[in-house]
Amino acid sequence: MRQYADKYGQILLRNFQQGLANSVMGSSFTQIRGAKADAAAIVCVIKLEDGKEVYHVATACFFILDVRMPYGTMRTIDRRLWNVLELTTFTATDEKSLDLAGSEAARMKGSIQLNPQYSQAIVSMQQGRIEQIKQHVRAGIIRNQQQAARISEQIRQNAAEISDIQMSMYESTSAMQDRVTQLHSEAIREVNPYVSSDGTVVDVPIGSGTQVWSTSDASTILSSDSYFFNPNIGSTIEYQEMQLLR
C-alpha cells in the first residue's frame, strides 16, 4: 500500500515542485521541508442486531507534504498538506471471504494503469494549492510593507518630536543664559534698563529714581523717587513714563 501511495505521491511532488519553480514568488518564499507516502488500514468486526458478525476493512493511501511559508512580519509557518490518493472499503461475512476480497482488491489495484485525465486532475489540484500559497505569500508581503511603513512613520514622528524638544530646550537655555549675562552686565555697570513706549531701551543709573520719564524719541530722560512725579505738569514738552525692563 505504501509503494502504491509513493507511486502517485511522487507525481504530486514533481507537480508541486514544478509549480513552485514556475511561480514568481513561490520558489523564493516557500520551502519543501519533507515529503512522504503512507498508508493505513482499519479492520473491525461488527456485530449486527440479529447476532451475526461481519468483517469490515477500510484502507487508505495518502501523501504528506510539509512546507514552510511566510506568515506575517519576519515569521514563517509550517503547514502539513495531506493528499488522500485512495480510500477503499470492503465487507465480508467471515475471515476467509475477507481475505478473498482483499486479494481481489489488491489484484485490481495492481492492474490499474495511470489515467492521463487523473494525472491532469492531480495537476489542477496542486496548482490550486500553489495558488493559495502564492496568495498567502502576497498577503504576507503586503502586511510586511504596511508594518514597515507604519514603523517608518512612527520613527519619523518620534525624531521630529525629539528635535522639537531639543530646539525648545536650546532656545530656553539660550534665553536664560542671555538674561543672566544681561543682569550680570547691568550689575557691573550699575544701571537698570527702562523701555519707552516706542520700544527704545535706555540704561538708567541705579539710584536715579524709580519714576523714569522720557520724550517720545528718548532724547530727554527725567527721573525721580517721588511717586507723584509727573514732568508733564507745567511743561510744554510731552513726556511718557518708561517701564523697568525685567
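The dialogue below walks through a predicted model, from its overall make-up to a sheet, its cores and one residue.

Trainee: Where should I begin, and how many helices and strands does the protein have?

Mentor: Begin with an inventory of the elements, keeping in mind that this is a predicted model: the protein has four helices and nine strands, and along the sequence they follow the pattern α-α-β-β-β-α-α-β-β-β-β-β-β. Of its 246 residues, 29% count as buried, while the protein exposes about 16700 Å², of which carbon and sulfur atoms supply 54%.

Trainee: How do I read a sheet, and in what order do the three strands of the open sheet stand?

Mentor: Look at the order of the strands and at the sense of their pairing: here the order is 1-2-3, and the pairing is antiparallel. Strand 1 (31-47) and strand 3 (76-92) each have a single partner strand and stand at the edges, so one side of each lacks a neighbour in the sheet. From one strand to the next, the twist averages 15 degrees.

Trainee: Over how many bridges do strand 2 and strand 3 pair?

Mentor: Strand 2, which covers residues 53-70, pairs with strand 3 in the antiparallel sense over 16 bridges; to place yourself on the model, find T59, whose bridge partner in strand 3 is T88.

Trainee: How should I approach the interior, and which residues have the most contacts inside the largest nonpolar core?

Mentor: The general idea is that in soluble globular proteins nonpolar side chains tend to be buried together. In this model the largest nonpolar core has 20 residues, and those with the most contacts inside it are F16, F63, L65 and L85. Helix 1 (2-22), strand 2, strand 3 and helix 4 (116-189) each supply at least two residues of this core, with helix 1 giving the most, eight residues. Another core, of six residues, lies apart from it and includes Y55, A92, L98 and A105.

Trainee: Which residues does F16 touch, beyond those up to four places away in sequence?

Mentor: F16 touches I32, L65, V67, L81, Q126, I130 and I133.

Trainee: Finally, why does P205 count as partly exposed?

Mentor: Such a label rests on relative accessibility, and P205 counts as partly exposed because its value is 46%, between the limits of 20% and 50%. P205 is found in strand 5 (residues 201-205), and, leaving aside neighbours within four places in sequence, P205 is in contact with E190 and V191. P205 and E190 are 15 residues apart in sequence, yet 6.0 Å apart in space, C-alpha to C-alpha.

Technical notes:
Residues are numbered from 1 along each chain as its sequence is written. This is a predicted model: local features need pLDDT of at least 70, side-chain atom pairs count only at pLDDT 80 or more; totals for chains, interfaces and linings use all residues. Side-chain values use heavy atoms; hydrogens and water are left out. Two strands pair if DSSP finds at least two bridges between them. Axes are lines fitted to C-alpha atoms, for helices over the stretch in contact, and angles run from 0 to 180 degrees between N-to-C directions. A nonpolar core is a set of buried Ala, Val, Leu, Ile, Met, Phe, Trp, Tyr and Cys residues joined through side-chain atoms within 4.5 Å. Buried means under 20% relative accessible area, exposed over 50%, partly exposed in between (1.4 Å probe, protein chains only). Contact means heavy atoms within 4.5 Å. Accessible areas come from the Shrake-Rupley method with a 1.4 Å probe; for residues, only the protein chains shown count as cover.
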